[in-house]
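Subject: Structure for you to look over

Dear colleague,

I am handing over the structure below, and I would be grateful if you could read the notes that follow with the coordinates open beside you.

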Amino acid sequence: MKIQALIRHALKGLCRSPALKPAAWSLSLFLLTAPGCGSAFQNINILSDADEIALGREFSREIEREVKLYTDPEVVRYVDELGQTLARHSTRSNIQYYIKVVDTDEVNAFALPGGFLYVNRGLISIAATESELAGVIGHEIGHVAGRHGAKALTRQLGLEIILGMISGRNPTGVQRVASQLAGVGGILSMLHYSRQAEREADALAVVNLREAGYDPGGVTVFFEKLLKINDREPGALATLFATHPPSRERIENTRKQIAAMPALEGLSTDSERFQRIKTLLPPLKDNPLENKKE
Ligand SMILES: [Zn+2]
């Protein structure tokens with residue numbers, strides 16, 4: 001109850017923001033129908049949990065055919081445990097989350113419908129503290145909790161096609177969609193979220209971190225870092241910017257949300273374990289945090 005009230009409060013604040021204008025929606029690549037603020041918590045029951053999970057599992061198979069997973073057991077266990085802790089404190093804790101590390105320098109993270117999360121090794125390397133990494137994972141869990149992927153796909157493809165994909169029915173439609181979805185790029189394009197979805201995932205992440213005992217300021221700090229990298233070297237984080245474009249507005253929103261929350265003692269910003277995990281990762285070939293102009 002407490003969590004829901006906090007999120008509702010935060011979203012009410014966002015909806016009043018003059019920056020939240022319909023023009024902003026047009027960014028979306030796939031013409032997602034942008035819901036108005038009032039509908040942010042409407043329960044649009046598009047897919048059952050079981051159908052959504054089945055769809056996510058299909059996508060995860062597709063993704064894992066293409067990407068290389070990072071297998072260092074200590075790193076993998078750590079990221080999974082951090083993610084599971086957050087998931088348990090999220091607003092959608094009734095489903096199983098699968099959290100994996102992708103073996104690439106590229107700074108990115110993404111969530112598929114149904115709780116399949118991927119965090120790139122490069123993103124862990126540039127997070128300075130555990131709460132920054134928790135912020136990113138919390139944001140991805142927020143997309144799952146908000147059912148953003150399932151909603152986006154259903155709007156784009158139609159429920160019939162989605163159900164056909166899951167059950168193997170309607171092979172023509174499924175084939176057509178499969179050709180559009182080919183590979184990681186196709187799937188991520190399909191999961192291009194609206195700005196409204198990004199705001200909701202941010203608001204959920206802030207509450208989620210706090211409930212799980214992490215400093216929610218990690219969300220804001222990490223966004224600031226991403227923007228700084230992008231200002232210095234536009235295009236350096238192209239994939240991440242395509243799926244979850246950070247913005248001054250998002251930084252301000254999360255900052256205001258945190259400031260409006262009652263103070264809570266004992267939130268954790270960092271851990272020795274996180275710092276040890278970072279030492280286990282190979283150095284990035286082209287570290288976006290290094291200022292090449294200097
Ligand atoms: Zn996002």
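Two residues are taken to be in contact if their C-beta atoms, placed from the backbone, lie within 7 Å. With that in mind, helix α3 (residues 73–88) lies across β1 and β3, and α3 runs at about 140 degrees to β1. Please bear in mind throughout that this is a predicted model.

To set the scene, the protein chain holds 14 helices and three strands, and of its 294 residues 42% count as buried. Among the contacts in the chain between residues at least 6 apart in sequence, 75% join residues at least 24 apart.

**The sheet**

The three strands form an open sheet, in which the order is β1-β3-β2 and the pairing is mixed. The edges are taken by β1 (98–102) and β2 (109–112), each of which has a single partner strand, so that one side of each is left without a neighbour in the sheet. Neighbouring strands of this sheet are turned against each other by 20 degrees on average, if direction is ignored.

The mixed character of the pairing can be followed strand by strand. β1 and β3 pair in the parallel sense, over five bridges, whereas β2 and strand β3 (residues 116–120) pair in the antiparallel sense, over four bridges. Tyr-118 in β3 is worth finding in your viewer, as it is the bridge partner of Lys-100 and also the bridge partner of Phe-110. A further pair to look at is Leu-112, which stands opposite Phe-116 in β3.

β2 and β3 form a hairpin with three residues between them, and Gly-114, which sits in the turn, has a positive phi of about 85 degrees.

As for burial, β1 is mostly covered, with four of its five residues buried. In a regular strand the side chains alternate between the two faces of the sheet. In β2, Ala-109 and Ala-111 point one way while Phe-110 and Leu-112 point the other way, and all of these are buried. Besides α3, which lies across β1 and β3, helix α5 lies across β2 and β3, where α5 runs at about 25 degrees to β2.

**Two helix pairs**

Two packed helices are described by the angle between their axes and the distance between the axes.

For helix α5 (residues 130–145) and helix α10 (residues 195–212), the axes come within 7 Å and cross at roughly 125 degrees. The two helices, α5 and α10, are therefore oblique to each other, and their crossing is right-handed. On the α5 side the contact is made by Ser-131, Ala-134, Gly-135, Gly-138, His-139, Ile-141, Gly-142, His-143 and Ala-145, and on the α10 side by Ala-197, Glu-200, Ala-201, Asp-202, Leu-204, Ala-205, Asn-208 and Leu-209. Sorted by class, the contact of α5 with α10 has eight nonpolar, seven polar and two charged residues.

The other pair is helix α11 (residues 217–232) and helix α13 (residues 248–259), which pack at an angle of about 160 degrees with their axes 9 Å apart. α11 and α13 are therefore roughly antiparallel to each other, and α11 passes α13 in a left-handed crossing. The residues that make the contact are Gly-217, Val-219, Thr-220, Phe-223 and Glu-224 of α11, together with Arg-250, Ile-251, Thr-254, Arg-255 and Ile-258 of α13. By class, the contact of α11 with α13 has four nonpolar, three polar and three charged residues.

**Two single residues**

Most residues other than glycine have a negative phi. Arg-147, however, has a positive phi of about 55 degrees although it is not a glycine. Arg-147 is found in the loop between α5 and α6 (148–157). Is Arg-147 buried or exposed? Arg-147 has 21 other C-beta atoms within 10 Å, and because 20 or more are needed for a residue to be called buried, Arg-147 counts as buried.

The other residue is Ala-54, which is found in helix α2 (residues 49–66). Ala-54 is partly exposed, with 18 other C-beta atoms within 10 Å. The C-alpha atoms of Ala-54 and Met-165 are separated by 9.3 Å, although these residues are 111 residues apart along the chain.

With best regards

Definitions and conventions:
Residues numbered from 1 in each chain as written. Predicted model: local features only at pLDDT ≥ 70, side-chain atom pairs only at ≥ 80, totals over all residues. Buried ≥ 20, exposed ≤ 12 C-beta atoms within 10 Å, placed from the backbone. Axes fitted to C-alpha atoms, helices over the stretch in contact; angles between N-to-C directions. Parallel < 35°, antiparallel > 145°, perpendicular 65-115°, else oblique. Left-handed = near helix turned anticlockwise from the far one by under 90°. Nonpolar A, V, L, I, M, F, W, Y, C, P; charged D, E, K, R; others polar. Pairing = 2+ DSSP bridges.
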